[in-house]
Amino acid sequence: MAIVKFRFAPAKERSVESRQESKEFGVTGEQMAARYLEDQGYVILDRNYRKGHKEVDIIALDHGELAVIEVKTRTNEDLFTAEQAVDHRKRQNIIRVANNYVRRHRRTEPLRFDIIAIVGSGATAEIRHTKNAFNVFNY
């Protein structure tokens with residue numbers, strides 16, 4: 001049996017060009033997700049909402065519900081799915097930022113947390129939308 005080791009380079013070891021390409025790929029994915037949501041009838045209220053260093057990708061209204069949406073864009077899912085990248089710590093951060101948004105903007109709608117996974121690029125990219133991917137009661 002062969003043992004295969006994977007090594008992920010921390011961001012500081014990757015080239016500036018590599019980090020920039022990755023950021024641009026993510027921005028393109030967020031734009032695709034926003035278009036997809038608008039096509040589904042969502043009203044985008046905010047994008048890249050920040051509280052300190054933490055961020056929520058998209059906040060939108062969907063038929064009277066406030067949807068807080070994390071977008072994950074991947075070229076492939078060889079190691080793990082895009083949804084798996086939204087781990088416990090990331091979910092906690094999303095909940096904290098969403099709480100701040102609700103308080104600051106005095107939102108009263110029911111709140112839910114969605115994940116949009118975009119795998120691939122261009123016209124062949126697959127978009128998966130998981131509504132109610134997690135909730136505040138688990139954290």
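## Reading the salt bridges and strands of a predicted model

Tutor: Let's start with charge pairs: this structure holds ten salt bridges. Keep in mind that we're looking at a predicted model.

Student: What's the general idea behind such pairs?

Tutor: Side chains of opposite charge can pair when their charged atoms come close. Here, take D62 and K131, which form a salt bridge with their closest N and O atoms 3.8 Å apart. D62 sits in strand 2 and K131 in strand 5 (residues 126-134), so this pair ties together parts that are 69 residues apart in sequence.

Student: Are D62 and K131 buried or exposed?

Tutor: D62 is buried, with a relative accessible area of 6%. K131 is partly exposed, at 46%.

Student: Which residue forms a salt bridge with E65?

Tutor: That's R112, and the closest N and O atoms of the two are 2.6 Å apart. R112 belongs to strand 4 and E65 to strand 3, so the pair ties together parts 47 residues apart in sequence. R112 is buried, with just 3% relative accessible area, while E65 counts as partly exposed at 28%.

Student: What else does R112 meet in a salt bridge?

Tutor: The side chain of D114, at 2.9 Å from N to O. Both D114 and R112 are buried. Now put the pieces together: through shared partners, salt bridges join D62, E65, R112, D114 and K131 into one network.

Student: Okay, let me step back to the fold. How many helices and strands are there?

Tutor: Two helices and five strands. Along the sequence they follow the pattern α-β-β-β-α-β-β. Of the 139 residues in the protein, 32% are buried. For the contacts with a separation of 6 or more, 54% are between residues 24 or more positions apart. As for the accessible surface, it comes to about 9100 Å², and 48% of that belongs to carbon and sulfur atoms.

Student: In what sense does strand 3 pair with strand 2, and with strand 4?

Tutor: With strand 2 the pairing is antiparallel, over five bridges. With strand 4 (residues 111-119) it's parallel, over nine bridges. You can follow I69 in both directions: I58 stands opposite I69 in strand 3, and in strand 4 the bridge partner of I69 is D114. Strand 3 itself (residues 65-74) is mostly covered, with eight of its ten residues buried.

Student: Where does P110 lie?

Tutor: In the loop between helix 2 and strand 4. P110 is partly exposed, with a relative accessible area of 49%. Its C-alpha atom is 7.5 Å from that of G64, although the two residues are 46 apart along the chain. Leaving aside neighbours within four places in sequence, P110 is in contact with G64, E65 and L66.

Student: I'd like to look at backbone angles too. What should I expect of phi?

Tutor: Most residues other than glycine have a negative phi, and most peptide bonds are trans. Now for some positive values here. N48 has a positive phi of about 55 degrees although it isn't a glycine. N48 is in strand 1 (residues 43-51) and is partly exposed, with a relative accessible area of 33%.

Student: What about R106, what is its phi?

Tutor: R106 has a positive phi of about 50 degrees, and R106 isn't a glycine either. R106 lies in the loop between helix 2 (88-105) and strand 4. R106 is exposed, with a relative accessible area of 74%. You can add H63 to your notes: in the hairpin of strand 2 and strand 3, which has two residues between the strands, H63 takes a positive phi near 50 degrees.

Student: Back to charge for a moment. Which side chain of opposite charge is nearest to D57?

Tutor: K90, and it's 6.0 Å away. D57 is buried yet has no salt bridge; a salt bridge needs the nitrogen and the carboxyl oxygen within 4 Å, so K90 doesn't qualify.

Student: Which backbone nitrogen lies 2.8 Å from a polar atom of the D57 side chain?

Tutor: The one of V71. D57 itself is placed in strand 2 (residues 54-62). Not counting residues up to four places away in sequence, D57 touches E30, D46, R47, N48, I69, E70 and V71. You'll recognise N48 in that list as the residue with the positive phi of about 55 degrees.

Key
Residues are numbered from 1 along each chain as its sequence is written. This is a predicted model: local features need pLDDT of at least 70, side-chain atom pairs count only at pLDDT 80 or more; totals for chains, interfaces and linings use all residues. Side-chain values use heavy atoms; hydrogens and water are left out. Helices (H or I, at least four residues) and strands (E, at least two) are DSSP runs, numbered from the N terminus. Buried means under 20% relative accessible area, exposed over 50%, partly exposed in between (1.4 Å probe, protein chains only). Lys and Arg count as positive and Asp and Glu as negative; His and the chain ends are not counted. A polar contact is a pair of N or O atoms within 3.5 Å; within protein, one must be able to donate a hydrogen and the other to accept it, and residues adjacent in sequence count only if both atoms are side-chain atoms. Contact means heavy atoms within 4.5 Å. Accessible areas come from the Shrake-Rupley method with a 1.4 Å probe; for residues, only the protein chains shown count as cover. Two strands pair if DSSP finds at least two bridges between them.
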